[in-house]
Amino acid sequence: MSDGTADIGVIGMGVMGANLALNMAEKGFKVAVQNRDPAKAFAVRDDNPELAANLVPAETLEAFVQSLKKPRIAVFMIPAGKPVDDEIERIRPLLEAGDVMVDAGNADFNDTVRHSREMEGTGLKFVGMGVSGGELGARHGPSMMVGGAKDVYPLLEPVLTRIAAQYQGTPCVAWLGPDGAGHFVKTIHNGIEYADMQMIAEIYGIMRDGLKLEPAKMAEVFRDWNTRELASYLIEITAVNLDETDPETGKPMVDVIVDEAGQKGTGRWAVIEAEKLGVGATTLEAAVAARGLSSRRSERADAAKLYDGVELGQAQFFADEAGLSELESALVTAKIIAYAQGYAAMAAASDENGWNLPLGTIAEIWRAGCIIRSHFLDDIAKAYDKGHTVVNILQSPDFVGRVAKGQSALRRVVAKASLGGIPVPALAAALAYFDDYRRERGTANLIQAQRDLFGAHTFRRFDKDGAVHHQWPAV
Ligand code: 6PG
C-alpha cells in the first residue's frame with residue numbers, strides 16, 4: 001500500500017526495529033515497515049493481527065517512502081556503521097527537502113556528526129537517537145536520547161513522547177542537543193551500564209569466592225538491596241539471574257554460563273571518548289578492560305596454574321548483617337563515583353562540542369525505560385535541578401555526605417578483596433579516582449620534573465608565573 005498515510009516509518013525489522021514499530025502501532029500511529037528481506041516486514045504485520053491495521057509493510061524502499069506522510073520520517077533501526085551509511089545512500093534520492101532520517105541504532109556519535117554535516121544544505125534532516133531498554137523497552141517504552149537540529153524535534157515529539165517509558169507521568173525522551181549529542185549520551189549511558197554491571201559482578205565475586213554463598217542466597221541479598229538505595233533494574237535482574245536453575249542439569253544457571261563477556265563496542269567508545277576529552281572515566285574503563293580479559297579464558301586458566309598458591313593476605317569477609325551491609329554500602333559509593341565519571345565526560349563533551357547538554361534532563365530521561373534505570377537517577381536529576389552549577393557530582397552537596405559516609409566501606413571492601421586475591425578492578429578504580437579527586441596536592445609535580453629533565457617540556461612553579469625549564473644534572 002503506497003498511499004502516503006503512514007505517520008512514521010521504521011527500516012530494519014530486527015528485534016529492536018520490529019518492537020519499536022509495534023510500540024508505535026499500539027499507540028495509534030500508522031507505521032510503515034521495511035526490511036532488506038521484505039518478508040520480515042510482512043511477517044511483523046501478519047504475526048500481530050491486533051495491530052495489523054496500523055502496520056504498512058513495504059515490498060521496496062520506494063514503496064516504503066511513498067507510504068509515508070510528508071514530511072516523511074524514516075527511522076533506521078539497523079546495525080551501526082556501514083549499514084547506516086549504505087541505507088542513507090539508498091534512501092536519500094527518494095526523499096525530498098524537509099524529510100527526516102532518524103538513526104535509532106547504537107551509532108558512534110562521530111558518524112552521526114558526519115551524517116548531519118553531509119545533510120547540511122540539502123534540506124534533508126538527520127537525527128541521531130539513542131534508544132535504550134532492550135527488546136522489552138522498545139516494545140513497551142524505551143528511554144530515548146535525541147540529537148539533531150532542534151527545529152526537527154517537534155515533528156518527532158508526538159510519536160516519541162507516546163512510545164517512551166513514563167516516569168511518574170513524564171516521558172523519558174528529550175532533545176539533548178545538535179548532531180551527535182543524542183548518540184554521545186547513549187554511548188555514555190552504555191559506559192555507565194558496563195560499569196554498573198561490572199561492579200555488581202565484582203560484588204558477586206566476593207559473595208562467591210569470599211563468602212562462599214550459594215547463588216540462591218545471593219539472590220536474596222540482591223532482592224533485599226533492591227528495596228533501598230541500590231534499587232534499580234540491574235540489581236533486580238541480577239537477583240533473577242542468580243535465582244534461576246538450569247533445567248538440564250538442575251544447577252544454578254549462573255554456574256553453567258561460561259565466564260566470558262561479550263561486547264558490541266559502545267562501552268569501549270565511551271572510554272575512548274572520555275580519554276579524548278581528558279576525563280578519566282576509570283571505572284568505566286575498568287569495566288571494559290575486564291570484559292576484554294574475561295574473553296581470554298584459556299590464557300587465564302594457564303596463568304591460574306602458574307600462580308597457584310601465591311601468598312595472599314589475611315582479610316575476611318563476613319556474611320552477617322554487618323558484612324553484607326558493608327558490601328551494599330561499598331557498591332552504592334562506587335556507583336556514585338562511576339556516574340560522576342560518566343557525567344564528567346558528558347559535561348566535557350558538551351563544552352568541547354558546544355552542545356549545552358542538559359545534564360539534569362538526561363538523568364530524568366534515564367529514570368525509566370533504559371537499562372540503567374534506578375531511583376538513584378532521580379537523586380542526580382534533583383542535584384541538577386537546584387539551579388546551581390554542578391561542577392562534578394562528587395562536589396554536589398546532595399552527594400558529598402553520601403560519599404563521605406560510604407567511602408570507608410568501599411575502602412575496606414577493596415582492601416579485603418585485594419588481600420584475598422579477589423579482583424575488584426572497577427570498585428578499586430572508583431576508590432582510586434575518589435582518593436585522587438579529593439587530594440589537593442597530587443604527584444604530577446614529579447611527572448613535570450621528569451618531563452622537563454628528559455625533554456625540556458618546562459613546568460610551572462608555585463612561586464612564579466609562566467613556564468620555566470630547569471637545568472637538571474646530566475644523567
Ligand atoms: C540498552 C543497551 C543496548 C546494548 C546492550 C548490549 O541501552 O538498551 O545498552 O543498547 O546493545 O546492552 O551491549 P553490549 O553487547 O555491548 O554488552
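Two strands pair if DSSP finds at least two bridges between them. Helices (H or I, at least four residues) and strands (E, at least two) are DSSP runs, numbered from the N terminus. The model is predicted: local features need pLDDT of at least 70, side-chain atom pairs count only at pLDDT 80 or more, and totals for chains, interfaces and linings use all residues. Residue numbers start from 1 along each chain as its sequence is written, and side-chain values use heavy atoms, without hydrogens and water.

**Exercise 1. Trace the sheet and place β1 and β2 in it.**

Step 1. Take the pair. β1 (residues 8-11) runs parallel to β2 (residues 31-34), with four bridges. V10 has V33 as its bridge partner in β2.

Step 2. Read the order. The open sheet has eight strands, β3-β2-β1-β4-β5-β6-β7-β10, with mixed pairing.

Step 3. Find the edges. β3 (55-57) and β10 (173-177) each have a single partner strand, so one side of each lacks a neighbour in the sheet.

Step 4. Add the twist. It averages 25° from one strand to the next. Axes are lines fitted to C-alpha atoms, for helices over the stretch in contact; angles run from 0 to 180 degrees between N-to-C directions.

**Exercise 2. Describe how α17 meets α18.**

Step 1. Use the axes. Those of α17 (residues 376-384) and α18 (residues 397-419) come within 9 Å and cross at roughly 135°.

Step 2. Classify the angle. Under 35 degrees is roughly parallel, over 145 roughly antiparallel, 65 to 115 roughly perpendicular, and the rest oblique. The two helices, α17 and α18, are therefore oblique to each other.

Step 3. List the contacts (heavy atoms within 4.5 Å). From α17, F376, D379, I380, K382 and A383 meet D398, F399 and R402 of α18.
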